[in-house]
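Could you walk me through this model in my viewer, stop by stop? Tell me what to select next and what I will find there.

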Amino acid sequence: MTKELHIKRCIELASKAKGYTSPNPLVGCVVVKNGKVIAEGYHHKFGDKHAEIDALDKIKGAAEGAELYVNLEPCCFAGKTGPCTERIIQEKIAKVFVGNFDPNEKVAGKGIEELKQAGIDVEVGILEEECTLLNQFFFKFIKTGLPYVTIKLAQSSDHFVAYPDGTPTHITNKESRTFVHKMRSWYDAVLVGKGTLISDNPALTIRHVTGRQPFRLVLDSQAGMITSSKKILTDEYVNRTMWVVNRDAKIENPKSIKVIRVSDLNDLLQKLASKNISSVYVEGGPKIWQSFIDQNLVDQIQLFTASKKLNDGIPVLPNSKLPENIKHKKAEAFNFGSDNLKIKYLQLW
């Protein structure tokens, strides 16, 4: 079980950089010699040294004969940094343990083969599922060229998101809302529809945790709200706000907000990908959630169910299909006080 424990530690290290490495993967590294951990490292942010280099730089010349553990296949090409395989070979590492192959066509097994040809023993597939879940954003982006999409739904115990007249109310508790702020910091962009903007006037920023501020997207087909005085048009992060409108929408844009013209949601995802946005957190509202589901564009559903009861109101999904019944490939459950969170992976990349 020792190798599993070291790969688990790699995952923990890699997770420290959630939100900062996009569109690159999350990677952690542990170096062990004579049964003792002698160095740890991780990819801190996009453009920084890779995890293997971060760890090996701490023990230059002292890694000969050691074992190196990493959750993703070491790279074998020069990008913003040099090839990790080259450095591993130079340091005379004896054995490398890997969680996942890297699906990037520039790597895709080539890194493993290069290490083997240099006489290094390599084992792949340790805690493979855990390592796969860690890098879902990266894997989907690399394999499809599209961002990873999560929809976040919050419902009362009787499956409503607001009162019948649309009057907003806090469905979930503070613990759940803090978790949502953490999610915002991990995703490249947060998306809402104009209905949510009108009713809730959300800031869509990180306020209860530390982390990176996401881009903010508003779906507003005819740009009817672009001249409003909503929070996202008046705060310090207005330069990270983007208005998503139909191709033929007539726009009066005195605030010079960034505008994205699209034909449909798939077109939107393609345009976001061209901006290296590899993950999108869809916060609302019901019509937006339903549209993403109907067009099979959802990779993950986060469903919060509170103990609060509304008795009547706007259903969580317009077609009345309960999100609990949507087919999925993997599920997890968490409790935040009296709130319950179910995470469903509709796709596993």
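Start by selecting Lys143 and Phe139: the charged end of Lys143 sits over the ring of Phe139, 5.7 Å from the ring centre. Keep in mind throughout the tour that this is a predicted model.

Keep Phe139 selected and add Phe138. The centres of these two rings are 5.9 Å apart and the planes meet at 50°, so the pair counts as tilted. Both Phe138 and Phe139 are buried.

Now add Phe137 and Tyr187. These two residues form another tilted aromatic pair, with 4.6 Å from centre to centre and 55° between the planes. Which parts of the chain does this pair tie together? Phe137 belongs to helix H6, while Tyr187 is in the loop between H7 and strand S8 (189-193), so the contact links parts that are 50 residues apart in sequence. Colour the two by accessibility and you will see a contrast: Phe137 is partly exposed, at a relative accessible area of 24%, whereas Tyr187 is buried, at 1%.

Extend the selection to Tyr148 and Tyr281. Together with Phe137 and Tyr187 they make up a cluster linked by ring pairs. Over the whole structure, a search finds eight aromatic pairs.

Stay with Tyr187 and pick Pro214. The C-alpha atoms of Pro214 and Tyr187 are separated by 6.5 Å, although these positions lie 27 residues apart along the chain count. Pro214 is in the loop between helix H8 (194-200) and strand S9 (215-219), and it is buried at 2% relative accessibility.

**The second largest pocket**

Next, select Lys18 and Trp186. Here the charged end of Lys18 sits over the ring of Trp186, 4.0 Å from the ring centre. Both residues also belong to the lining of the second largest pocket, where Lys18, Leu133, Leu134, Trp186 and Tyr345 lie nearest the centre. Show the pocket as a surface if your viewer allows. Its volume is about 730 Å³, and 34 residues line it.

Which elements should you highlight around this pocket, counting those that give two or more residues to the lining? They are helices H1 (2-15), H5 (128-134), H6 (136-144) and H7 (174-186), together with strands S13 (300-305), S15 (330-336) and S16 (339-345). H1 provides the largest share, with four residues. Colouring the lining by class gives 17 nonpolar, 11 polar and six charged residues.

**Strand S1 and its partners**

Move to strand S1, residues 28-33. Is this strand mostly covered or mostly open? S1 is mostly covered, with five of its six residues buried.

Bring in strand S2 (residues 36-42), which runs antiparallel to S1 and is joined to it by six bridges. To check the register, select Cys29 and find Gly41 of S2 opposite; then select Val32, which has Val37 of S2 opposite. S1 and S2 form a hairpin with two residues between them, and Asn34 in the turn has a positive phi of about 55°.

Now show strand S3 (residues 67-72). S3 is also antiparallel to S1, with four bridges between them. Val30 has Tyr69 as its bridge partner in S3.

Follow the chain onward from S3 to Phe77, in the loop between S3 and helix H3 (84-90). Phe77 is partly exposed, at 26% relative accessibility. For a sense of scale, draw a distance from Phe77 to Lys342: the C-alpha atoms are 39 Å apart, and the two residues are 265 apart in sequence.

**Backbone stops**

Finish with some backbone geometry. Most residues other than glycine have a negative phi, and most peptide bonds are trans.

- Select Ser22 and Pro23: the peptide bond between them is cis, with omega near 5°. Pro23 is in the loop between H1 and S1.
- Select Gly284 and Gly285, which are joined by a cis peptide bond with omega of about 0°. Gly285 lies in the loop between strand S12 (279-284) and helix H10 (286-294).
- Select Ala108, which has a positive phi of about 40° without being a glycine. Ala108 is in the loop between strand S4 (95-100) and helix H4 (110-117), and it is partly exposed at 44% relative accessibility.
- Select Asn296, another non-glycine residue with a positive phi, of about 55°. Asn296 is in the loop between H10 and S13, and it is exposed at 68% relative accessibility.

Definitions and conventions
Residues are numbered from 1 along each chain as its sequence is written. This is a predicted model: local features need pLDDT of at least 70, side-chain atom pairs count only at pLDDT 80 or more; totals for chains, interfaces and linings use all residues. Side-chain values use heavy atoms; hydrogens and water are left out. On a 1 Å grid over the protein atoms alone, a cavity is a set of points where a 1.4 Å probe fits but cannot get out, and a pocket is an open set with protein on both sides within 12 Å along at least five of seven lines; lining residues have an atom within 4 Å of a point. Grid points are joined across faces, edges and corners, and a volume is the space filled by probe spheres set on the points. Ala, Val, Leu, Ile, Met, Phe, Trp, Tyr, Cys and Pro count as nonpolar, Asp, Glu, Lys and Arg as charged, and the others, Gly among them, as polar. Rings of Phe, Tyr and Trp (its six-membered ring) pair if their centres lie within 6.5 Å; planes under 30 degrees apart count as stacked, over 60 as edge-to-face and the rest as tilted. Buried means under 20% relative accessible area, exposed over 50%, partly exposed in between (1.4 Å probe, protein chains only). A charge sits over a ring if NZ of Lys or CZ of Arg is within 6 Å of the ring centre and within 35 degrees of the ring normal. Two strands pair if DSSP finds at least two bridges between them.
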